[in-house]
Amino acid sequence: MPNENSRLDEIQPSVQLDLHRHVGSPAWFARTAALVMMVGATVGIGVHANFSVYNSYNAATAGSVPSPFSMIASMGPSARSGQPGLSLTGPMSDGSPIARVLLEEVDSSPVKQARIMRGDTLAGVLVKAGVELADAHSAITALSEHLNVRRLKEGQEIELTFGNDDPTRDEQTLQGIRLQSEVESAVRVARQDDGSFASAVEAIKLDTHATRAGGEIDESLYVAMQKAGVPHNVISEFIRIYSWDVDFQREIQPGDSFEIFFDRYEDKGQMVKTGPLLYAGLTLSGKQHHLYLYTASDDGNADYYDEKGQSVRKALLKTPIDGAKLTSGFGNRTHPILGYTKMHKGLDFGAAKGTPIHAAGDGTIEMAGANGSYGNYVRIRHNGTFATAYAHMSGFGKGITKGSRVRQGDVIGYVGTTGRSTGPHLHYEVLKEARQVDPRGIKMPTGRALAGKELDSFKTAMDRVKDQIAALPVTKQLVAAAE
Ligand SMILES: [Zn+2]
């Protein structure tokens, strides 16, 4: 066997793929899609949650195909791999003895590409492509060792290799299958000498490109970034980290600009995945803001810091009122007025009427006014995730109206007993994704200020990123540049 070990590095036990599960996985994209939608709704911008353009696979198969099975290409394997014959040898991920996966004869044999369409079964697609039913079943059994064949998505491509290894027969029989359902791995199936099929996982090496992109903001940051072809997950991360400090609805002016630096991963020239945002820059009315991703060496937590080493995250004040006493906690209680057991979705702080109430964190006033049983009520949106609400107030702080900006500690109102209330107190709620949560139970990210050795190490890392950025041209069109 000439190529016995030459392709060993192409085969990886599938357990190694766990390394790539987080960033770039379908779940990851789904989470970022949800975040974009959430942030998009918050800052009042249009949302396009179509991620398929960033997946080479989906992008290639997005077009509609008239027939349930379509032949996309027919070509020899050397055109794809540059290898005169492909011998795949490697340990199987399930620990079974090394399987010899042989595709040597495929050089002269046709490769067909099939595609799963709505309502198709994998067996059906294989049979339509000319695979004998018995072969289809045993090939699928081999495939099933590495992927759930029932979970294949509509549009999934399957590469089929045919050959004639039995001189007593005329027809071409299935020799191999290659199916890539993940960004970084494909499953290969190949016929063995005894006629059975064996499978192995092939790791796909992506090309990494350090990418610097930027542009002017004409209408909204979101639109500008989208026009520049910035992946949605990167846009949402940018908005998330700046929402602690920037009100994207009010503070963006024409002529403002953004800049980003991140790694983009490509498979055959198509961007299939992005790394974390390593740097985010925003110029607002001529003033530059810079944020750098940094993982603290002492606790291992990654966060975004400004040039002085101050985290962008701002913790909420634990008690938004001075000298007050917690009189009722979060959870079930017998309601003092209604008399029956009711979930108390906030904290009550007893205090004298007129005691100032402070904004628990920086943010934008989402509502300020009478609000039913809440009485005089203020709600502050702090970022895409968190808001806080204050109820039963006797009056509002100066300038506290819908849309106005507050800083942590600003007086937003005064203790009272308006609405459904038995006496002067502040009813305080923390809302996470529009749901009341127990303020004492949530893990509010705290804003850390790096100091000492940690600050030194941050500055070294920041300078390294600055050098990398300075050495790169600014890409104005990301997707176009990648194609
Ligand atoms: Zn209450």
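Two strands count as paired here when DSSP finds at least two bridges between them. With that in hand, select β6 and β7: they pair in the antiparallel sense over 7 bridges. The model is a predicted one.

**Stop 1: the β6–β7 hairpin**

Stay on this pair. Pick R188 in β6, then look across to A200 in β7, which stands opposite. Now follow the chain through the turn. The hairpin of β6 and β7 has 5 residues between the strands, and G195 takes a positive phi near 90° there. Color β6 (residues 185-191) by burial: 5 of its 7 residues are buried.

**Stop 2: back one strand, to β5**

Select residues 173-179. This is β5, which pairs with β6 in the antiparallel sense over 4 bridges. β5 and β6 also form a hairpin, again with 5 residues between the strands. Two cross-strand pairs are worth labeling. R178 stands opposite R188 in β6. I177 stands opposite V189 in β6.

Is β5 enclosed or open to the outside? It is largely enclosed by the rest of the structure, because 6 of its 7 residues are buried.

**Stop 3: on to β4 and β3**

Next, add β4. It pairs with β5 in the antiparallel sense over 5 bridges. Label E159 and its bridge partner in β5, R178. R178 thus appears twice on this tour: it also stands opposite R188 in β6.

Then add β3. 5 bridges join it to β4 (residues 157-163), and the two run antiparallel. Check R115, which stands opposite E157 in β4.

Zoom out to see the full set. The order is β3-β4-β5-β6-β7, an open sheet of 5 strands with antiparallel pairing. β3 (111-115) and β7 (197-203) are the edge strands, each pairing on one side only. From one strand to the next, the twist averages 25°.

**Stop 4: the second sheet**

Hide those strands and select β8 through β12. Here is another open sheet of 5 strands, ordered β8-β9-β10-β11-β12, with antiparallel pairing. Its edges are β8 (207-217) and β12 (302-305), and each pairs on one side only. Here the twist averages 25° from one strand to the next.

Zoom in on the β8 edge. 11 bridges join β8 to β9 (residues 256-267), and these strands run antiparallel. Select E216; its bridge partner in β9 is S257.

Keep the sheet on screen and add helix α8 (residues 452-470). α8 packs on the sheet and touches β8, β9, β10, β11 and β12. Its direction makes about 115° with that of β11.

**Stop 5: helix α7**

Now show α7. It lies across β9, β10 (270-284), β11 (287-295) and β12. Against β10, α7 runs at about 30°.

How many of the residues of α7 are buried? The count is 11 of 11 for this helix, residues 232-242. Among them are charged-letter entries to click on, E237 and R240, along with F238, I239 and Y242.

**Stop 6: E251, in the loop after α7**

Move along the chain to E251, in the loop between α7 and β9. Is E251 buried or partly exposed? E251 has 15 other C-beta atoms within 10 Å, so it is partly exposed; 20 or more would make it buried.

Which residues does E251 touch, not counting those up to four places away in sequence? They are V246 and L284. Draw a distance from E251 to L284: their C-alpha atoms are separated by 7.5 Å, although the two are 33 residues apart along the chain.

**Stop 7: the whole chain**

Finally, show everything and color by confidence. The protein averages a pLDDT of 76, and 74% of the residues score at least 70. Then select residues 1-107. pLDDT stays under 50 over this stretch, for which the model has 167 contacts beyond four places in sequence.

Some totals for the full view. The protein holds 9 helices and 25 strands. Of its 483 residues, 36% count as buried. Among contacts between residues at least 6 apart in sequence, 65% join residues at least 24 apart.

Technical notes: Residues are numbered from 1 along each chain as its sequence is written. This is a predicted model: local features need pLDDT of at least 70, side-chain atom pairs count only at pLDDT 80 or more; totals for chains, interfaces and linings use all residues. A residue is buried if 20 or more other C-beta atoms lie within 10 Å of its own, exposed if 12 or fewer, and partly exposed in between; C-beta atoms are placed from the backbone. Two residues are in contact if their C-beta atoms, placed from the backbone, lie within 7 Å. Axes are lines fitted to C-alpha atoms, for helices over the stretch in contact, and angles run from 0 to 180 degrees between N-to-C directions. pLDDT is the predictor's confidence in each residue, from 0 to 100.
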